[in-house]
Amino acid sequence: MLKCRTAWNKLAPLARNSSTVCRQNVRRSGKKVLAAFQTHATSDTVLFHYVIKTRRANSLVASAYLNRSDLHVAVLNDVPFSHLDSRFFSFRRVDDSIVLTEPAAAAAEPPAAEAPEPQPEPVAEASEPQPEAVAAEAAEAPEPQPEAVAAEVAEAPEPQPEAVATEAPKASEAVAAEPQPEAPEPQPDAVVIPSHSPYLLIGGGTASFAAARSIRARDPGAKVLIVTDEPDLPYMRPPLSKELWFSDDPSVTETLRFKQWNGKERSIYFQPPSFYINPEDLESAENGGVAVLLSKKVVHMDVRGNKVKLDDGTEISYDKCLIATGGVPRNLQVIERAGEEVMSRTTLFRKIEDFKSLDKVSRNVKSVTIIGGGFLGSELACALGRKSTESGLEVIQMFPERGNMGKVLPEYLSNWTTEKVKREGVKIISEALVKSVACKDDRLEILLKDGRLVKTDHIVAAVGLEPNVDLAKSGGLEVDSDFGGYRVNAELQARSNIWVAGDAACFYDIRLGRRRVEHHDHAVVSGRLAGENMTGASKPYWHQSMFWSDLGPDVGYEAIGIVDSSLPTVGVFAKATAKDTPKAATEESGTGIRSESETEDTATSPVASTAPAPVVGHKDDYGKGVIFYLRDKVVVGIILWNVFNRMPVARKIIKDGEEHADLNEVAKLFNIHED
């Protein structure tokens, strides 16, 4: 991606020449531009594609990077409306045309009247130069076309490609015209979907991206296709409920950039668009690459035929496949039964669009109620609560437990956390079981089973995740009856050439037994391992993944293993210092997303601190500490409370699986008594 305008200025003539050659090749061959659309864009450039109509076929004949620095209004006839992305273009339908911004290089070309009539010769002669991204003509090797594109091809009148510049003023006068009602509804994009991918990754989340990088690391020429039903390239989810809410940038919902607790800024996207290749170029890419097919859902899986079917009917065959479909947010049945009006005022928080929607809601209502006291619910409560001090927004959090994160933390620490959330400006309603929800007088009324009534404007349901196993039936894949998710072996295999990673995988933990984990670090590590095994590594899943949660920049914890408040626990605490916060920890380490998958160390012989344990000033001052979770007197889980960069030590303790006579001595391995 061209990040520097100076660098782009040097390359701009080449890009414009590439665009001009592309258009001239079409004119010389006598063909007519049927459609033009973009797939990838940066702040400086747009990757534009041209579809032409011939007597033999409709083909994607050329692609070119075009400069956006001097855009002007132009008209491209018969452009499928939804094939254009409003994030990068300004456009409206005018009769049978689209008014949109396109580089001024097109304006210098001759008018449409001088263009010759269409002839049956090939699109471009072999002697003429072609851009690097030129695709093969579909007449000789037909590629599968989206249904909407085929419909547009069949019904669209013959366009005049050079009317782009000359007809612009007339089109601008007619922008109020309505689109033709008989026009078929186009698909979300016009990319040519590859019919085969050696590596097919279903799902566009963290696990899929980690697998793609792992595959490419072991097989540099690998061709990887990611299919996702989201409109966004792979991104990390944790900032959606954490750092993004603490941004001072009013345009954060558009930029999706945030400052980490260490002060460094980054995007939630793992890589920019320039990292990926276009899906239509995947099969012909000499050095392979990673392509992402956006807004497409796999609805059927034929494991015997090694192929899948998309929601538009397109089929893609594969050699090896990864299922990383993640999960969908659960909802309360009482909300689902309450009707459309209540549902329209309820957010199930999971994706980028949910973050944008909730941010907008929080600016336009007086009261938001979060149902759920787990990680997500508590993080959102703190985030919205802090905003409420400026906006006057009432933030309510209710849950059936006695305190925040009551299913994870021991009761004393859950109570302390609840008080911390209250100090953030959140009204806590504990031991709350929802009986019914109704809309009355333009407000939502939440009736609890004990008779309490809560009035609010909007609900956020943060009550857990349901693993997405929609492909289990058609694929004949086993679903675990206890934990949910696809049941896989220690190598994350569901079949000989099918792997599962991330939230949807129910795997066998060699130390703790069968499990299913719903955290970022697990998605990264399991995706990475699945990618390695897809390239022949045959490695078992031994990694004890960690997870973390922050209640703002001052209180956070990291956990590993089985952390369940129903288990017996032993906590060892010390007085916290200024450096014992998530913000200070990330400033020291230089990392933002605290994940063992990104900076993984191995603890071999940890040295215990020799400093004496100081006396904690107050019995409820849980500044920093270690909480051990026990099963049959063996440590199976550990929470590091405001203790950071010690996860390798915790991992080794769980891996050893030994009984410990004095856990106070074990706690010294984490150096919690050092200033």
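**Group meeting: strands, one helix and some salt bridges**

Arginine 487 counts as partly exposed, because its relative accessibility is 31%. I start there since the side chain has a partner: arginine 487 and glutamate 478 meet in a salt bridge, at 3.8 Å from N to O. Glutamate 478 is partly exposed too, with a relative accessible area of 49%. Before going on, please keep in mind that this is a predicted model.

Staying with charged pairs, how many salt bridges does a search of the whole structure find? The search gives 25. I will show a few of them. Glutamate 518 bridges to arginine 516, and their closest N and O atoms are 2.7 Å apart. Is arginine 516 buried or exposed? Arginine 516 has 17% relative accessibility, and because the cut-off for buried is under 20%, arginine 516 counts as buried. Its partner, glutamate 518, is at 33% and counts as partly exposed. Another pair is glutamate 265 with arginine 257, at 3.1 Å from N to O; arginine 257 is partly exposed, with a relative accessible area of 33%. There is also a network of salt bridges, which links Asp359, Arg363 and Lys387.

Lys387 takes us to helix α11. This helix covers residues 375-391, 17 residues in total, and spans 24 Å from first C-alpha to last, close to the 24 Å expected at 1.5 Å a residue. Lys387 is one of the buried residues of α11, and others include Gly377, Glu379, Leu380, Cys382, Leu384 and Ser388. After the helix comes glycine 392, with a positive phi near 80°.

Next, the strands on either side of α11 in sequence. Strand β17 runs over residues 367-371, and 5 of its 5 residues are buried. Which residues of β17 point one way, and which the other way? Ser367, Thr369 and Ile371 point one way, while Val368 and Ile370 point the other way. That fits the general rule that side chains in a regular strand alternate between the two faces of the sheet. Strand β18, residues 394-398, pairs with β17 in the parallel sense over 5 bridges. Within that pairing, valine 368 has valine 395 of β18 as its bridge partner.

Now two antiparallel cases. Strands β12 (residues 298-302) and β13 (residues 307-310) pair over 4 bridges in the antiparallel sense, and valine 298 stands opposite leucine 310. The two strands form a hairpin with 4 residues between them, and in the turn asparagine 306 has a positive phi of about 55°.

The other case is an open sheet of 3 strands, in the order β20-β21-β22, with antiparallel pairing. Its edge strands, β20 (434-440) and β22 (453-456), each pair on one side only. From one strand to the next, the twist averages 20°. β20 pairs with β21, residues 443-448, over 6 bridges, and there valine 437 faces isoleucine 446.

Last, two items on the surface. Tyr508, Ile510 and Trp542 form a nonpolar patch, with about 330 Å² of accessible area together. Tyrosine 508 sits in strand β28, residues 505-509, and at 40% relative accessibility counts as partly exposed. Aspartate 656, in helix α16 (residues 647-656), is also partly exposed, at 35% relative accessibility. Its C-alpha is separated by 9.6 Å from that of valine 634, which is 22 residues apart from aspartate 656 along the chain.

Methods: Residues are numbered from 1 along each chain as its sequence is written. This is a predicted model: local features need pLDDT of at least 70, side-chain atom pairs count only at pLDDT 80 or more; totals for chains, interfaces and linings use all residues. Side-chain values use heavy atoms; hydrogens and water are left out. Two strands pair if DSSP finds at least two bridges between them. Axes are lines fitted to C-alpha atoms, for helices over the stretch in contact, and angles run from 0 to 180 degrees between N-to-C directions. The expected span of a helix is 1.5 Å times one less than its number of residues. Buried means under 20% relative accessible area, exposed over 50%, partly exposed in between (1.4 Å probe, protein chains only). Patches are made of residues with over 30% relative accessible area and no salt bridge: like charges are joined within 9 Å, nonpolar side chains (Val, Leu, Ile, Met, Phe, Trp, Tyr) within 5 Å. Accessible areas come from the Shrake-Rupley method with a 1.4 Å probe; for residues, only the protein chains shown count as cover. A salt bridge is a side-chain nitrogen of Lys or Arg within 4 Å of a carboxyl oxygen of Asp or Glu.
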